[in-house]
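Grab a coffee and open the viewer. Below are some exercises, each with a solution worked out step by step.

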Amino acid sequence: MKIDGVELREVALPLVSPFRTSLGTQHERNALLVRVVGGETEGWGECAAEDEPTYSPEYLAGAADLIRRFALPALAPHGLDPAAVGPALRHLRGHVMAKAAVETAVLDCWLRAHGVSLAQHLGGVRRRVRVGVSVGIAETVDALLETVDKHLTAGYARIKLKIEPGWDLEPVRAVRETFGPGVMLTVDANTAYTPADLRHLAQLDAYGLTLIEQPFAPGDLRSHAALAARLDTPVCLDESITSARDAAEAIRMGACSIINIKPGRVGGYLEARRVHDVAEANGVPVWCGGMLETGLGRAANLALAGLPGFTLPGDISATERYYHRDITRPFVLDGGELPVPQGPGIGVTPDPEALEACTTSVEWIPLSA
């Protein structure tokens, strides 16, 4: 089946509340959506890149340019074949988030044409998955405690606190002492620390954390390994893992004992499954990270999180955590869990009215003569 054309659509969704990490503060989610049309079927993908190249070297406008100028011309001869996307784009260095968005849209279209769900295609074993929530850096400890209380009352299975130098030991201590040892609590530094902070970070052991996520620079596996050897708290890697090969090397070096898998960061859901397989073969648990996705990305992430190695609650969260109105039907938390979509492809489609309301630009690129 040929690809008739591809639509690149940019949308802007205001966040329910600002989300602050060590990398900066977001007030809205600007997202790039990729719609692939082949015959009577269409498929959707969402690019995880952000406005600025802070979390990763990619950024939204650059991803759109890469897709438009280089990815689609290379992909056109291969037609609607998800297995061909990776090889067809291999000559393009980097840009894994842009490639992931294209592959996801092709995969969604192909699966819909065959009546198969993404969860089934990836090998999912769960119809519902436990989910956690990520809590940004707050103005005060009291404000943080109020936010955590709200999320625990809602039923989230795990609380993740964003930390940075100057905002770490005290807020973590306050949350642990306020809500007790029964709360699954993790912290995420988003690379905010240096190896000189190793002794300071070791003090987090006192608070019974499930994990500490990505304290050091992405390429610094040695420092992560040194921290892992010193801490009782498991070290989890995020930004360091961009492929199954990275995962294997990090595990071999002892740099982590848990991995956060973000499909956009590793180049798509097919590579995400390979990362999962490498981790599972080495007895390393994984969980699904989030990038403030719209309902399209959220649905696909839930399908991935249904794989057997995803034994820790991920950052998928209910729709209301981030958006008053999403572009798809809302995902509603029920007993700390969200349902894995079972329909063909990613299992959801945008609501036309909601999609139009938040669209900031649309471009149609024909691929078939």
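Two strands count as paired here if DSSP finds at least two bridges between them. Keep in mind that this is a predicted model.

**Exercise 1. Work out how β8 and β9 pair, and find a residue of β9 that stands opposite E213.**

Step 1. Look at the bridges: β8 and β9 have two of them, and the pairing is parallel.
Step 2. Find the residue facing E213: that's C236 in β9.
Step 3. Zoom out. β8 and β9 belong to an open sheet of seven strands, in the order β5-β6-β7-β8-β9-β10-β11, with parallel pairing.
Step 4. Check the edges. β5 (133–135) and β11 (286–288) each have a single partner strand, so one side of each has no neighbour in the sheet. From one strand to the next, the twist averages 25°.

**Exercise 2. Explain why C236 and C256 are not joined by a disulfide.**

Step 1. Recall the chemistry: a disulfide is a covalent bond between the sulfur atoms of two cysteines.
Step 2. Bring in the cut-off, which is sulfur atoms within 2.5 Å.
Step 3. Compare that with the model. The cysteine sulfur closest to that of C236 belongs to C256 and sits 7.3 Å away, so it is too far for a bond. Coming from C256, the closest cysteine sulfur is that of C236, again at 7.3 Å.
Step 4. Widen the search: zero disulfides turn up in the whole structure.
Step 5. Add the surroundings. C236 is buried at 0% relative accessibility, and C256 is buried too, at 7%.

**Exercise 3. Trace β7 and its neighbours in the sheet.**

Step 1. Start with the side chains. In a regular strand they alternate between the two faces of the sheet. In β7 (residues 185–188), L185 and V187 point one way while T186 and D188 point the other, and all of them are buried.
Step 2. Go to β6 (residues 159–162), which pairs with β7 in the parallel sense over four bridges. I159 has L185 as its bridge partner in β7.
Step 3. Follow the connection: β6, helix α6 (residues 169–179) and β7 form a right-handed β-α-β unit.
Step 4. Now β8 (residues 211–213). It runs parallel to β7, joined by three bridges, and L211 in β8 is opposite T186.
Step 5. Step out of β7 into the loop that leads to α7 (198–202), where you'll find N190. N190 isn't a glycine, yet its phi is positive, at about 50°. T191 sits in that loop between β7 and α7 as well, and also has a positive phi without being a glycine, about 70°.
Step 6. Check their exposure: N190 is buried at 3% relative accessibility, whereas T191 is partly exposed at 25%.

**Exercise 4. Decide which side of helix α9 faces the protein's interior packing.**

Step 1. List the buried residues of α9 (residues 244–253): A244, A247, A250 and I251.
Step 2. Place them around the axis. They cover an arc of only 125°, which means they lie on the same side of α9. That fits the general rule that an α-helix has 3.6 residues a turn, so residues three or four places apart point the same way.
Step 3. Turn to the other side of α9, where R245 and R252 are exposed.
Step 4. Name the packing partners of the buried residues: α8 (221–230), β9 (235–237), β10 (258–261) and α11 (269–281).
Step 5. Look just past the end of α9: G254 has a positive phi of about 75°.

**Exercise 5. Describe the antiparallel sheet and the helix that lies across it.**

Step 1. Get the order. Four strands make an open sheet, β3-β2-β1-β13, with antiparallel pairing. β3 (41–47) and β13 (359–366) are the edge strands, pairing on one side only.
Step 2. Count the bridges between β1 (residues 5–21) and β2 (residues 24–38): there are 13, in the antiparallel sense. T21 has G24 as its bridge partner in β2.
Step 3. Add the helix. α1 (residues 60–75) lies across β1, β2, β3 and β13, and runs at about 20° to β2.

Note on methods:
Residues are numbered from 1 along each chain as its sequence is written. This is a predicted model: local features need pLDDT of at least 70, side-chain atom pairs count only at pLDDT 80 or more; totals for chains, interfaces and linings use all residues. Side-chain values use heavy atoms; hydrogens and water are left out. Buried means under 20% relative accessible area, exposed over 50%, partly exposed in between (1.4 Å probe, protein chains only). Helices (H or I, at least four residues) and strands (E, at least two) are DSSP runs, numbered from the N terminus. The arc is that of the directions from the helix axis to the C-beta atoms. Contact means heavy atoms within 4.5 Å. A crossover is right-handed if, with the strands pointing away from the viewer, the path from the first strand over the helix to the second runs clockwise. Axes are lines fitted to C-alpha atoms, for helices over the stretch in contact, and angles run from 0 to 180 degrees between N-to-C directions.
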